[in-house]
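User: I should like to learn how helix packing and nonpolar cores are read from a set of coordinates. Please take me through the features in turn.

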Amino acid sequence: MSSHPAADFARSCVPSITSSGRRVALLTDDGVCIEAEYAPRRPAPEGAAAAAPGGPVVVLAHGFTGSLDRPALRRAAAAFAQYTPVITFSFRGHGRSGGRSTVGDREVLDLAAAVRWARSLGHTQVATVGFSMGGSVVIRHAARYRPEHEGRTGAHTDMVVAVSAPARWYYRGTAAMRRLHWVVERPLGRLVGRLGLHTRIHSEAWDPVPLSPTEAAPLIAPTPLLIVHGDRDPYFPLDHPRALAAAAAPGSTDLWIERGYGHAENAAAPELLDRIADWLGARAAEPTGN
């Protein structure tokens, strides 16, 4: 399969989204229009090395009920843009993207469209960084889109960072996750999601149930994987990141347990985002098998 030019992925399929200012609509493989934005690296400080043209880019995947315009994701994007260009997007059912959320299942196709767009813009290395639901998506995406299997479609990633990600599906062990399941599974909850959380949620149960993050984690190697989790996460306790790290290949996986850190992009401090950017920079400089 031949590689696609940028125009193949940046289609104006939502009238309210235009390509001016690098904000575009991307078309997924299953025909959903996804709102996305490209931000170049901020001007480097005096004395710092300039960003290499066509070099690495970070693609950010937000958590459930987020979007590319939410302040927490924009703050994270601004932090990474000090080091490299950044692509943000809204998952299906979120923001101004089309479709309905499948809470981490078909969202893999949304991320694939964003990664293809990044490569079509000339970037030779793509890092995917996901928060919470987005963390599960970046893991499953990396397992599904292997460079040795996908030909020249350009949807694979070169580095993966999963922040505050679940290890398994249907977890209800915390009050926060019991509330989330009520929103997703009940008609009244989905109405609250649409009106109160600005998230349109699919009413059908998964069929089939997608590969869990723990099942997907060992399939990522040799692509570098960083798992980041807080010891004060109100959604997923520490057995989740530990299970992911235990399942993944030890030679290409790092696990950070962050003291005092809560959940996902909303709680990510600038210092943590800077350290993740440093980890990505170090991995980007290493030779890879991709």
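**Helix packing and cores**

Analyst: In this predicted model, helix H5 (residues 175-185) packs with helix H6 (residues 187-195) at an angle of about 95°, their axes lying 5 Å apart.

User: How is the angle between H5 and H6 to be read?

Analyst: Angles of 65 to 115 degrees count as roughly perpendicular, so H5 is roughly perpendicular to H6. From H5, the contact is made by Trp182, Val183, Val184 and Glu185; from H6, by Pro187, Leu188, Gly189, Arg190, Val192 and Gly193. These residues divide into six nonpolar, two polar and two charged.

User: Which residues have the most contacts inside the largest nonpolar core?

Analyst: That core has 49 residues, and Leu26, Val59, Ile87, Phe89 and Ile139 have the most contacts inside it. Helix H3 (residues 107-120) gives the most to this core, with nine residues. Leaving aside residues up to four places away in sequence, Phe89 touches Ile34, Glu35, Ala36, Val59, Leu60, Ala61, His62, Leu68, Leu73, Asp110, Leu111 and Ala114. Another core, of 29 residues, lies apart from the largest one and has Ala127, Val129, Val161 and Leu226 among its members.

User: Is helix H4 mostly covered or mostly exposed?

Analyst: A general idea comes first: an α-helix has 3.6 residues a turn, so residues three or four places apart point the same way. As for H4, eleven of its twelve residues are buried, including Arg140 and His141 as well as Val137, Val138 and Ile139. Helix H4 (residues 133-144) reaches 16 Å from its first C-alpha to its last, close to the 16 Å expected at 1.5 Å a residue.

Notes:
Residues numbered from 1 in each chain as written. Predicted model: local features only at pLDDT ≥ 70, side-chain atom pairs only at ≥ 80, totals over all residues. Heavy atoms only, no water. Axes fitted to C-alpha atoms, helices over the stretch in contact; angles between N-to-C directions. Helix = DSSP H or I, 4+ residues; strand = E, 2+ residues; numbered from the N terminus. Parallel < 35°, antiparallel > 145°, perpendicular 65-115°, else oblique. Contact = heavy atoms within 4.5 Å. Nonpolar A, V, L, I, M, F, W, Y, C, P; charged D, E, K, R; others polar. Core = buried A, V, L, I, M, F, W, Y, C linked by side-chain atoms within 4.5 Å. Buried < 20%, exposed > 50% of the residue type's maximum accessible area, 1.4 Å probe, protein only. Expected span 1.5 Å × (residues − 1).
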